[in-house]
Amino acid sequence: MLDQTERALGRLGAGTYGLCENCGRPIGKARMQAFPRATLCVECKQRQERR
């Protein structure tokens, strides 16, 4: 969890916080509120879990 938090802080500093690391689209507000360390949007996360 600490690694995820540090990575989120790095994205915040880089200006990429809240953007999906896979497709580049914004991560939904509800997802970010529920899981602030999210790196993937819901669609990309669902695709990742199906693999």
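**Exercise 1. Work out how much accessible surface the protein chain has and what share of it belongs to carbon and sulfur atoms.**

Start with the total: the accessible surface of the protein chain is about 3900 Å². Next, split it by element: carbon and sulfur atoms own 53% of that area. Keep in mind that we're working with a predicted model here. Then look at burial: of the 51 residues in the chain, 22% are buried, with the cut-off set at under 20% relative accessible area.

**Exercise 2. Describe the fold of the protein chain and decide how compact it is.**

Count the elements to begin with: there are three helices and zero strands. Reading along the sequence gives you α-α-α. Now for compactness: the radius of gyration is 11 Å and the globule rule gives 10 Å for 51 residues, which is close, so the chain is as compact as a globular protein of that length. For the dimensions, the C-alpha trace spans about 30 × 20 × 20 Å along its principal axes.

**Exercise 3. Tally the charged side chains and find how far apart the centres of the two sets lie.**

The tally goes like this: 10 side chains are positive and 5 are negative. Compare the centres of those two sets and you get 7 Å between them.

**Exercise 4. Place N22 and say whether it is buried or exposed.**

First, locate it: N22 sits in the loop between α1 (2–14) and α2 (29–34). Then check accessibility: N22 comes in at 53%, and exposed means over 50%, so N22 counts as exposed. Finally, look for partners: leaving out residues up to four places away in sequence, N22 touches L40 and C44.

Terms used. Residues numbered from 1 in each chain as written. Predicted model: local features only at pLDDT ≥ 70, side-chain atom pairs only at ≥ 80, totals over all residues. Heavy atoms only, no water. Helix = DSSP H or I, 4+ residues; strand = E, 2+ residues; numbered from the N terminus. Rg over C-alpha atoms; globule rule 2.2 N^0.38 Å. Buried < 20%, exposed > 50% of the residue type's maximum accessible area, 1.4 Å probe, protein only. Areas by Shrake-Rupley, 256 points an atom, 1.4 Å probe, with all protein chains shown as cover. Lys, Arg positive; Asp, Glu negative; His and termini not counted. Charge placed at Lys NZ, Arg CZ, Asp CG, Glu CD. Contact = heavy atoms within 4.5 Å.
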